[in-house]
Amino acid sequence: MTQPIETKDWLPFFPFLAPRPEQEQAINFTLNAYLREGKKYVCLELGTGIGKSGVAVTVSRYLESLEGSGSYVLTTQKILQQQYLRDFASKGMRSLKSADNYVCDTGYTCAVTRRVARACMRAPECASTCPYVADKKEFLEASLGVTNYAYFMNETTYAGKLE
């Protein structure tokens, strides 16, 4: 068995000034699970104020540097999703919500516009300017994305565009 990660070789990927001890422990635990134990998924339950966003971004960036693939950060609430985007959009993070959260040129949500177009068996009027489609494209092309559990579960179950 290989040695567990205990060094801070992930430190250059930490998005803030310096990690707190709880963050170091969470980052090391997560990286060990992925890299040493071969886990495909790791779920962390961390208390309020621990700095989960710093942990998530560090792990994602570190793994991307090793494996070349991106990561999704999943959160329970859209307000937390906005917080991630506020803090990390300048570092390449992209956000995606359901089509109900975007308003098309038609004045209706993208979800309504798309349903009406499907019912009429035609392309939506806003097909070339749809803000949902634009955000989804950016999200899929980004190496680091944030979305909410509800959207992720629906998207992976029904549309199949997210891995």
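**Note on the helices and the parallel sheet**

1. The face of H6 turned away from its buried side carries Ala150, Thr157 and Tyr158, which are exposed. On the buried side of this helix, which spans residues 149–159, lie Tyr151, Phe152 and Glu155. These three fall on the same side of H6 because they cover an arc of only 100° around the axis.

2. The model is a predicted one, and its reading should start from the confidence values. The protein chain has an average pLDDT of 88, with 95% of the residues scoring at least 70. Confidence is lowest in helix H4 (residues 110–119), where the mean is 85, and highest in strand S2 (residues 93–96), where it reaches 95.

3. The cover over the buried residues of H6 includes strand S1 (71–75), S2, helix H5 (131–141) and strand S3 (144–148). After H6 comes Gly160, which has a positive phi, near 75°.

4. A similar question can be put to helix H3: which of its residues are buried? In H3, which runs over residues 78–88, Gln81, Tyr84 and Phe88 are buried. They cover an arc of only 60° around the axis, which means that they sit on the same side of H3. Ile79 and Arg86 are exposed on the face of H3 turned away from that buried side, while the buried residues themselves pack against helix H2 (52–67) as well as S1, S2 and S3.

5. The strands named above form an open sheet of three strands in the order S1-S3-S2, and their pairing is parallel. Because S1 and S2 stand at the edges with a single partner strand each, one side of each is left without a neighbour in the sheet. On average, neighbouring strands of this sheet are turned by 25° against each other, direction being ignored.

6. The pairing of S2 with S3, which run parallel, rests on four bridges. Within this pair, Met93 has Leu144 of S3 as its bridge partner. H5 packs on the sheet and touches S1, S2 and S3, its direction making about 140° with that of S2. H6 likewise packs on the sheet with contacts to S1, S2 and S3, and its direction makes about 100° with that of S3.

7. Taken together, the two helices with a described buried side both meet the strands: the buried residues of H3 pack against S1, S2 and S3 along with H2, and the cover over those of H6 includes S1, S2 and S3 along with H5.

Methods:
Residues numbered from 1 in each chain as written. Predicted model: local features only at pLDDT ≥ 70, side-chain atom pairs only at ≥ 80, totals over all residues. Heavy atoms only, no water. pLDDT = per-residue confidence, 0-100. Buried < 20%, exposed > 50% of the residue type's maximum accessible area, 1.4 Å probe, protein only. Arc of directions from axis to C-beta. Contact = heavy atoms within 4.5 Å. Pairing = 2+ DSSP bridges. Axes fitted to C-alpha atoms, helices over the stretch in contact; angles between N-to-C directions.
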